[in-house]
Protein chains: 2
Amino acid sequence: MRFFVVVLWLFSAPSFAADPLSSWTDGDAKRSIVSFVRSATTPGGQAFVEPADRVAVFDYDGTLAVEAPVYGQVAFCAWRLERLPPAPRAEALLRKVRALAAERLYELSDEDTVELWALGLAGPSAEQVQGDARIWLQDELHPRFGEPRTKLVYQPMLELIRWLKSRGFKVFMVTGSTVDFARAISEDLGVPRENVIGSSLRRRWSDERPSEVARESEFEGLTDKDRKVLEIDRRIGRRPLMAFGNSDGDLAMLAYATAGPRPGFGALVRHDDGLREYEYDRGSPVGALARGLELAPARGWKVISMKSDWKRLFRP
Amino acid sequence: MRFFVVVLWLFSAPSFAADPLSSWTDGDAKRSIVSFVRSATTPGGQAFVEPADRVAVFDYDGTLAVEAPVYGQVAFCAWRLERLPPAPRAEALLRKVRALAAERLYELSDEDTVELWALGLAGPSAEQVQGDARIWLQDELHPRFGEPRTKLVYQPMLELIRWLKSRGFKVFMVTGSTVDFARAISEDLGVPRENVIGSSLRRRWSDERPSEVARESEFEGLTDKDRKVLEIDRRIGRRPLMAFGNSDGDLAMLAYATAGPRPGFGALVRHDDGLREYEYDRGSPVGALARGLELAPARGWKVISMKSDWKRLFRP
């Protein structure tokens with residue numbers, strides 16, 4: 001038998017005693033999150049959930065980061081397309097993009113938006129596309145806030161992700177944006193790259209160039225609405241225990257998370273803070289929550305009011 | 001400042017001192033694995049790799065488990081199809097399946113095999129399909145070994161997976177079998193369900209039946225050869241640091257893992273042990289490694305001889 005004496009000095013770092021969700025006001029949203037997580041992670045309780053089953057899924061645009069006036073991926077693709085070598089296929093689209101101010105890119109038709117993604121996210125390797133996305137995320141300033149997009153992420157959600165992970169949760173991002181764009185920021189938000197589920201461009205690999213996986217200019221379809229559920233099932237293989245979204249595109253994911261035999265938790269971020277962010281909870285080019293607000297009470301989904309539930313919005 | 005004194009009695013469990021790869025003989029395969037892993041995980045060394053980048057991928061059939069005389073998924077689908085309610089679409093196929101002994105199911109044409117998967121893996125929910133697969137894995141005895149498939153997994157690889165995880169690796173299974181079939185056994189092998197990458201049937205979900213994701217009788221394509229690389233990139237978003245396979249269908253994955261700017265490790269299990277398992281390294285209905293054996297020396301891939309590198313084959 002071996003015998004050890006270990007002496008530990010634990011300095012009382014603020015994280016020990018402090019509230020892990022300190023950017024949340026003490027309202028119903030915070031209380032219900034804390035209560036659900038404590039019940040699910042306290043051994044011996046009736047609502048205890050094994051660590052393997054503690055899966056939390058988060059939408060990205062509008063749930064973890066500012067999505068107005070246009071989705072990050074749209075703005076990034078317009079920026080990148082200007083910097084890629086000229087291509088005949090891109091000419092007509094570039095004319096349309098230049099005719100709109102950056103903050104009006106949502107006026108592009110759906111077809112043009114998909115074409116913008118197909119052209120703006122293509123490249124010879126993941127490294128190149130994600131490297132460009134990181135430059136854009138850090139350098140391009142948001143038209144209203146004058147800050148890079150890496151700053152315009154919601155501090156209350158960063159605290160929640162960190163806390164869930166400390167409680168044994170596996171945290172996934174489930175987004176309509178492509179995995180390449182989302183992975184350029186996910187680890188900065190606490191979500192490992194392999195936990196990003198999203199749309200993608202068609203890929204190509206051959207043994208002649210074995211070190212790189214190329215992205216072709218062909219969009220494979222939007223991971224939104226019921227396709228978020230299908231991808232969660234295909235990728236994770238478990239019903240999420242908690243799901244967070246902010247638009248009607250996230251309702252399928254919430255419905256799936258909260259419809260199983262075991263209690264689940266669903267919540268929707270409501271953009272109702274025109275002063276500090278935007279107020280478009282009833283509808284806008286970037287997101288609508290009309291149906292979500294209608295369904296929430298009957299489904300037991302929590303509505304997180306940006307205005308009253310969050311003390312601080314952006315990461316410091 | 002807080003002050004704690006913690007007294008720990010650590011019983012000298014065998015796992016402390018023992019060799020984590022005790023089922024491997026002390027040959028070149030084991031030595032090269034141990035040396036690569038130690039270099040990659042020793043801080044300060046030139047070959048040190050950050051934990052986030054420590055990704056190891058394993059093929060399933062023939063790499064982690066016995067695949068002869070027919071892939072587990074084929075045998076399972078034939079078994080399940082007999083037990084599902086009769087369906088007109090299945091009649092002709094069932095006649096062909098019944099005409100072959102279970103161990104000759106590889107004689108089915110590619111089209112019939114795909115149809116067998118499409119019909120044999122369909123179902124109203126993941127729970128049902130995976131539940132049936134678990135029954136089959138535990139109850140059906142292998143025609144030669146008289147053991148359930150859960151026993152016919154390679155102990156040396158189980159030790160390797162466990163050791164890699166203890167060294168901070170994230171371990172993924174990348175298989176041509178469907179994720180549903182593979183997830184029925186993956187956690188038993190140490191691979192979390194969300195780390196299974198594989199083929200799949202088309203899925204369906206609607207808010208009318210929100211708790212379940214149905215699998216339709218439509219196979220979406222085989223995750224093999226270059227498609228293993230494309231799925232690794234789409235799903236994990238990192239080049240693997242280590243890749244293990246056993247057939248020419250795994251060479252693309254090995255080429256990708258070992259072609260990057262950073263050293264990678266690739267190895268192929270060689271089925272050369274007719275006495276304890278099977279001898280078909282040069283070719284068989286379930287797998288061929290002819291091209292792999294030819295390429296291995298120039299590519300620096302290790303060949304793991306079942307006969308001489310593994311002391312013990314199956315889990316105890």
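In the predicted model, Lys225(A) lies in the loop that connects β6 (214-219) with α9 (226-235) of chain A. Its phi is positive, near 50°, in a residue other than glycine. Most residues other than glycine have a negative phi, and most peptide bonds are trans. The relative accessible area of Lys225(A) is 48%, which means that the residue falls in the partly exposed class, where the upper limit is 50%. In chain B, Lys225(B) occupies the loop between β6 (214-219) and α9 (226-235), and its phi is likewise positive, at about 50°, although the residue is not a glycine.

A further backbone feature concerns the peptide bond from Ala68(A) to Pro69(A), which is cis, with omega near 0°. Pro69(A) belongs to the loop between β2 (55-58) and α3 (72-83) of chain A. In chain B, the bond joining Ala68(B) and Pro69(B) is cis, with omega about 0°. Pro69(B) is located in the loop between β2 (55-58) and α3 (72-83) of chain B.

Chain A contains an open sheet of six strands in the order β4-β3-β2-β7-β8-β9, with parallel pairing. The edge positions are taken by β4 (196-199) and β9 (302-305) of chain A; each has a single partner strand, so one side of each lacks a neighbour in the sheet. On average, neighbouring strands of this sheet are turned by 20° against each other, direction ignored. Strand β8 (residues 265-270) of chain A runs parallel to β9(A) and is joined to it by four bridges. Within this pairing, Val269(A) has Ile304(A) of β9(A) as its bridge partner. Two helices of chain A lie across strands of the chain. Helix α2 (residues 28-41) crosses β7 (242-245), β8 and β9 of chain A and runs at about 130° to β9(A). Helix α8 (residues 179-186) crosses β3 (170-178) and β4 of chain A, at about 135° to β3(A).

Chain B likewise holds an open sheet of six strands with parallel pairing, ordered β4-β3-β2-β7-β8-β9. At its edges stand β4 (196-199) and β9 (302-305) of chain B, each with a single partner strand, so one side of each is without a neighbour in the sheet. The average turn between neighbouring strands of this sheet is 20°, direction ignored. Four bridges connect β8 (residues 265-270) of chain B with β9(B), and the two strands run parallel. One residue of this pairing, Leu268(B), has Val303(B) in β9(B) as its bridge partner. Helix α8 (residues 179-186) of chain B packs on the sheet, where it touches β3 (170-178) and β4 of chain B, and its direction makes about 135° with that of β3(B).

The loop between α8 and β4 of chain B includes Asn195(B). This residue has a relative accessible area of 11% and therefore counts as buried, the limit being under 20%. With residues up to four places away in sequence left out, Asn195(B) touches Val171(B), Phe172(B) and Met173(B). Elsewhere in chain B, helix α5 (residues 110-120) has as its buried residues Asp112(B), Thr113(B), Leu116(B), Trp117(B), Ala118(B), Leu119(B) and Gly120(B). The buried residues of α5(B) pack against α3, α4 (91-99), β5 (201-204) and β6 of chain B.

Over all chains, 28 aromatic pairs are found. One of these is the pair of Tyr278(A) and Tyr280(A), with ring centres 6.4 Å apart and planes at 50°, which places the pair in the tilted class. Both Tyr278(A) and Tyr280(A) are buried. The two tyrosines belong to one aromatic cluster, together with Trp24(A), Phe145(A), Tyr154(A), Trp310(A) and Phe314(A). The ring of Tyr278(A) also has the charged end of Arg144(A) over it, 5.0 Å from the ring centre. In chain B, the charged end of Arg144(B) sits over the ring of Tyr278(B), at 5.0 Å from its centre.

Cysteine residues were examined for disulfides. With a limit of 2.5 Å between sulfur atoms, the count over all chains is zero. Cys77(A) has a relative accessibility of 0% and is therefore classed as buried. Cys77(B) is also buried, with a relative accessible area of 0%.

Key. Residues numbered from 1 in each chain as written. Chains lettered and ligands numbered in written order. Predicted model: local features only at pLDDT ≥ 70, side-chain atom pairs only at ≥ 80, totals over all residues. Heavy atoms only, no water. Buried < 20%, exposed > 50% of the residue type's maximum accessible area, 1.4 Å probe, protein only. Pairing = 2+ DSSP bridges. Axes fitted to C-alpha atoms, helices over the stretch in contact; angles between N-to-C directions. Contact = heavy atoms within 4.5 Å. Phe/Tyr/Trp six-rings, centres within 6.5 Å; stacked < 30°, edge-to-face > 60°. Lys NZ or Arg CZ within 6 Å of the ring centre and 35° of its normal.
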